[in-house]
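Student: I should like to take a close look at a single part of this protein. Please guide me through it step by step.

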Amino acid sequence: MDYKNAGVDIEAGYKSVELMKKYVQGTMRPEVLTNLGGFSGAFSIDAFKNMEKPTLVSGTDGVGTKLKLAFIMDKHDTIGIDCVAMCVNDIACAGGEPLFFLDYIACGKNIPEKIADIVSGVAEGCKQSSAALIGGETAEHPGLMPEDEYDLAGFAVGVVDEKDIITGKELKAGDVLIGMASSGVHSNGFSLVRKIFKMDAETLNEYHEELGTTLGDALLAPTRIYVKALRSIKEAGVRVKACSHITGGGFYENVPRMLPEGKRAVIEKASYPIPPIFTMMAREGNVDEKMMYNTYNMGLGMVLAVDPADVDKTMDAIRAAGDTPYVVGKIENGEKGVTLC
């Protein structure tokens, strides 16, 4: 009896590391001091030693049951983008600049080529957010997980000067809400998605004219990363007063998180186009409108508040970063919360 016969293939682990190295290398930053394969990742503080009060910000998350679609479609090269996005968008939402990322993959059986595909997506997400992929772990769990399945989670660390942390404390009535377009469902609410649609290859591979693609590709579209857009806004000299990453819980849970007591966000639903995937989900699943807005991003992955005088500069900065902005509402005095009208 040996470890391989017990279900853990050490040699497959070595091969996975070799296959992923080319992807990881493309994420490196000058501050990274260690190579892939060590016991830890080292990152120099040179990146932020000139800040007045450098403050570390962190984020951790996973992809959730969206992974089920990747299993069915046998497509694993974009799911890593989702994992990175869920972490670095939270950091950017606080005004932070992502510095480095670590991933964790738990699998029933280590298939090196599949692991390398997953990590290629993680590396792409890191490149989109300028974060270095400085380490990770692939754990083989025979008997605990099915051989053809895996779970994916990540952890990111960023930095922000204390004076630049986005807190919402400066919000005042009349401030303008700007939303940035999402790429689709992103990485939340897939337990409901899997109840709305039949989860098999035939259903997911069916082309739909209203989507302009197959159902599976529309649902598996990777989460948009907003790090560059928020960096562009900062470089334009605009102070973002409040920011909300629209994830699980949709508008009703996430928008209030950026508000201080006594301030209410008013968002006009007709101020931006709702992607057809959400219209289709509501129709096919008979999901009422409030539940849709309480579960999904409905086309806006990030909502931020700025002074009215900064609206044009903010819109231009977002477009310059390659994202699509919409003026979607305003801040009013009132009970803390959000009104969708």
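Student: In which loop does Thr-295 lie, and what can be said about its surroundings?

Tutor: The model is a predicted one, and the description that follows should be read accordingly. Thr-295 belongs to the loop that joins α11 (289-293) to β10 (300-306). This residue counts as buried because its relative accessibility is 13%, and the cut-off for buried is under 20%. The side chain of Thr-295 reaches back towards the preceding helix: the backbone oxygen of Met-291 is 2.7 Å away from it. Beyond the neighbours within four places in sequence, Thr-295 is in contact with Gly-189 and Leu-192, and also with Thr-247, Gly-248, Gly-249 and Gly-250.

Lys-290 also deserves attention. Lys-290 lies over the face of Tyr-252, at 5.4 Å from the ring centre.

Aromatic rings may be considered next. The whole structure contains five aromatic pairs. One of them is formed by Tyr-272 and Tyr-326, a tilted pair with 6.2 Å from centre to centre and 45 degrees between the planes. Tyr-272 is in the loop between β9 (263-267) and α10 (276-285), while Tyr-326 is in strand β11 (residues 325-333), so this pair ties together parts that are 54 residues apart in sequence. With 6% relative accessibility, Tyr-272 counts as buried, whereas Tyr-326 is partly exposed at 21%.

Finally, a record offers an annotation for another part of the chain. An unreviewed UniProt entry places the domain "PurM-like N-terminal" at residues 54-160. In the model, the end C-alpha atoms of that span lie 6 Å apart, and the span is 37% helix and 37% strand.

Methods: Residues are numbered from 1 along each chain as its sequence is written. This is a predicted model: local features need pLDDT of at least 70, side-chain atom pairs count only at pLDDT 80 or more; totals for chains, interfaces and linings use all residues. Side-chain values use heavy atoms; hydrogens and water are left out. UniProt positions are given in the numbering used here, feature names are shortened, and annotations may be inferred rather than shown by experiment. Helices (H or I, at least four residues) and strands (E, at least two) are DSSP runs, numbered from the N terminus. Buried means under 20% relative accessible area, exposed over 50%, partly exposed in between (1.4 Å probe, protein chains only). A polar contact is a pair of N or O atoms within 3.5 Å; within protein, one must be able to donate a hydrogen and the other to accept it, and residues adjacent in sequence count only if both atoms are side-chain atoms. Contact means heavy atoms within 4.5 Å. Rings of Phe, Tyr and Trp (its six-membered ring) pair if their centres lie within 6.5 Å; planes under 30 degrees apart count as stacked, over 60 as edge-to-face and the rest as tilted. A charge sits over a ring if NZ of Lys or CZ of Arg is within 6 Å of the ring centre and within 35 degrees of the ring normal.
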